[in-house]
Every structure is written in C-alpha cells, then in structure tokens.
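Opened the notebook for a new chain today. I want to go from the overall fold down to single residues.

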Amino acid sequence: MRNLHGLPIIAFILVALFQFAAAQGGAPSPAPAPSNDGTAIDQGIAYFLLLIALAVTYLIH
C-alpha cells in the first residue's frame with residue numbers, strides 16, 4: 001500500500017478553499033451610509049476646550 005498520509009491534509013485544504021471561494025460569490029454589498037451626525041466632532045471640540053480650561057486654571061493658580 002502506498003504512503004497516503006498527506007492526502008487527508010490536502011483534501012481538507014482544498015475543501016476549505018472551495019468553501020471560501022463559494023462564500024465570495026455574488027456582488028459585494030454596498031457600503032453603509034455614514035451615520036456621523038456631528039456629535040463626535042462636537043465631543044472632540046468639548047474635550048479640547050476642557051483641556052485648555054484645565055491648563056489655564058493650572059497656570060493661573
């Protein structure tokens with residue numbers, strides 16, 4: 001009998017590749033619309049102003 005120890009490993013790799021290729025079929029779904037309503041920008045500005053107020057308070061005190 002021939003040495004066929006590598007055959008199950010090769011078969012598993014091929015099956016995994018075929019499953020991956022089948023999952024990639026079809027058109028990609030469109031990207032979702034941006035959901036930024038400006039709150040992240042407002043929060044960033046608020047943090048920046050808070051840090052400036054903290055620095056000014058530290059320098060004056």
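Below are my entries, in the order I looked things up.

Entry 1, overall. I am working with a predicted model. I asked how many helices and strands the protein chain has. I found two helices and zero strands. Next I checked burial: of the 61 residues in the protein chain, 2% count as buried. I also noted an accessible surface of about 6200 Å² for the protein chain, with 73% of that belonging to carbon and sulfur atoms.

Entry 2, helix α2. How far apart should the ends of helix α2 be? I took 1.5 Å a residue for the 22 residues of α2 (residues 39–60), so I expected a span of 32 Å. The end C-alpha atoms sit 31 Å apart, which agrees. I counted zero buried residues among the 22 of α2, so hardly any cover there. I then pulled the UniProt record, an unreviewed entry, and its "transmembrane region" annotation covers residues 39–60. Over that stretch I get 100% helix and 0% strand.

Entry 3, helix α1. I moved to helix α1, residues 7–23, where Ile-10 is found. Is Ile-10 buried or partly exposed? I read a relative accessible area of 49%, so I logged Ile-10 as partly exposed. Ile-10 also helps make a nonpolar surface patch of about 770 Å², together with Ile-9, Phe-12, Ile-13, Leu-14, Leu-17 and Phe-18.

Methods:
Residues are numbered from 1 along each chain as its sequence is written. This is a predicted model: local features need pLDDT of at least 70, side-chain atom pairs count only at pLDDT 80 or more; totals for chains, interfaces and linings use all residues. Side-chain values use heavy atoms; hydrogens and water are left out. Patches are made of residues with over 30% relative accessible area and no salt bridge: like charges are joined within 9 Å, nonpolar side chains (Val, Leu, Ile, Met, Phe, Trp, Tyr) within 5 Å. Accessible areas come from the Shrake-Rupley method with a 1.4 Å probe; for residues, only the protein chains shown count as cover. A salt bridge is a side-chain nitrogen of Lys or Arg within 4 Å of a carboxyl oxygen of Asp or Glu. Helices (H or I, at least four residues) and strands (E, at least two) are DSSP runs, numbered from the N terminus. Buried means under 20% relative accessible area, exposed over 50%, partly exposed in between (1.4 Å probe, protein chains only). UniProt positions are given in the numbering used here, feature names are shortened, and annotations may be inferred rather than shown by experiment. The expected span of a helix is 1.5 Å times one less than its number of residues.
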